[in-house]
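This report describes one protein chain, going from a pair of strands to a single residue and then to the chain as a whole. Please look at the sequence and the model before reading on.

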Amino acid sequence: MGAEGVSPLVALGQPGLSFRYVQTFGVTENPYLVDTDHIYTPNGLFVDAGDNLYVTEEHGYRMIKFNSAGTSELVIGHPGQPWHHDDFLSYPKDVALDGDGNIWVMMDPALKQFDPDGNPLQVFPETDPWMTGDDNDRFNGPRSIAFDSAGLLYVCDTWNYRIQVYDLSGGTPVYSETIGETGISGSDNNHFDEPSQIAFDSSGRLYVMDSSNYRVQRCEYSAGWSCSTFFGVTGVPGDDLTHLKHSYGITIDGADNIFIADGANFRVLKCVTSGACAHFAGVTGEQGLDNDHFYWPADAAVDSSGNVYVSDWDIHRVQKFDSSGAHLDTLGGNPSSLPDRLHPPEPAVGHRSGIRR
């Protein structure tokens with residue numbers, strides 16, 4: 001070492017040496033090419049009365065609104081930045097619109113409300129929204145939201161094994177009641193085990209994807225909520241037309257047709273309110289990259305013409321089918337190569353990122 005403590009092998013600049021900016025490689029704060037022609041891990045879907053499609057990008061940290069022609073009209077969130085303030089989105093999993101057209105996004109582990117133009121209105125809980133919990137103003141791994149005909153807000157609070165109900169008449173969510181038992185999973189009709197997605201039919205009945213029980217629960221209100229198995233065999237996975245296997249997504253159209261994204265069976269089922277289900281799209285037990293297959297169907301949504309949208313999580317696309325199950329179009333996707341994982345890994349209980357299979 002030299003007298004100054006600097007190695008003589010290091011060439012020092014001349015006195016008065018200055019530096020100037022030349023070039024930046026990459027785009028500041030954008031971890032990848034940002035556009036709306038590509039979708040990164042699409043999860044929850046929603047179609048509004050104008051047939052606009054809303055797509056949550058779970059690991060893209062965005063929500064994208066497409067019109068019926070497939071052109072993007074609104075983007076909320078910032079790629080690569082899963083935060084909770086302003087218009088940032090942390091691992092968004094689902095989206096729905098309230099009666100005033102405001103956009104509600106289910107993040108991890110909080111709710112965020114935006115006006116129809118994408119301006120932030122509120123986050124719930126307001127204090128430390130990144131903190132999980134089992135109080136009535138906290139969530140743990142929430143995955144889905146829905147509104148009933150009276151405007152009440154329902155949150156599928158997955159790792160608390162419950163559905164939380166909130167009154168929005170005052171603007172801010174106010175707790176009303178719980179369906180299920182907080183922190184207690186089970187396989188009887190009073191409990192859920194990893195509930196993932198929820199939807200209402202025209203009679204106001206609530207359908208719950210009870211994923212780890214391999215069933216759909218249908219809940220009805222009459223001086224209190226009561227639930228019973230609508231489809232599937234409790235605790236028994238399978239691939240015929242009476243069983244489910246790690247299914248997460250559900251939607252119901254205006255005619256009360258019920259569509260189930262049957263994840264590990266790589267298919268979508270179409271059911272009627274009697275509980276009879278038929279194959280709609282995909283190939284049971286076969287993953288694939290072409291338009292006849294899914295790699296991991298995560299959720300579904302239906303427009304006013306009966307067209308069905310399916311988010312295919314692993315290969316970053318949303319598939320559009322007509323009412324008979326024929327493929328019509330694809331949003332996003334990279335079918336030229338296999339995804340980097342077979343399907344999204346299951347998170348540990350309470351894991352902040354809340355990755356969805």
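Strand 11 (residues 162-167) and strand 12 (residues 174-180) run antiparallel and are joined by six bridges. Two strands count as paired if DSSP finds at least two bridges between them. Strands themselves are DSSP runs of E with at least two residues, helices are runs of H or I with at least four, and both are numbered from the N terminus. Tyr166 has Tyr175 in strand 12 as its bridge partner. Strand 11 and strand 12 form a hairpin with six residues between them. In the turn, Gly171 has a positive phi of about 100 degrees.

The model is predicted: local features need pLDDT of at least 70 and side-chain atom pairs pLDDT 80 or more, while totals for chains, interfaces and linings use all residues. Residues are numbered from 1 along each chain as its sequence is written, and side-chain values use heavy atoms, without hydrogens and water.

Arg267 lies in strand 19 (residues 267-271). Is Arg267 buried or exposed? Arg267 counts as buried because its relative accessibility is 1%, and buried means under 20% relative accessible area with a 1.4 Å probe, counting protein chains only. The side chain of Arg267 reaches the backbone oxygen of His243 at 3.1 Å.

The table gives values for the chain.

| Item | Value |
|---|---|
| Helices | zero |
| Strands | 24 |
| Buried residues | 54% of the 357 residues |
| Exposed area | about 15500 Å² |

Carbon and sulfur atoms supply 49% of the exposed area, which is computed by the Shrake-Rupley method with a 1.4 Å probe.

How values were computed
Buried < 20%, exposed > 50% of the residue type's maximum accessible area, 1.4 Å probe, protein only. Polar contact = N/O pair within 3.5 Å; in protein donor to acceptor, adjacent residues only side chain to side chain.
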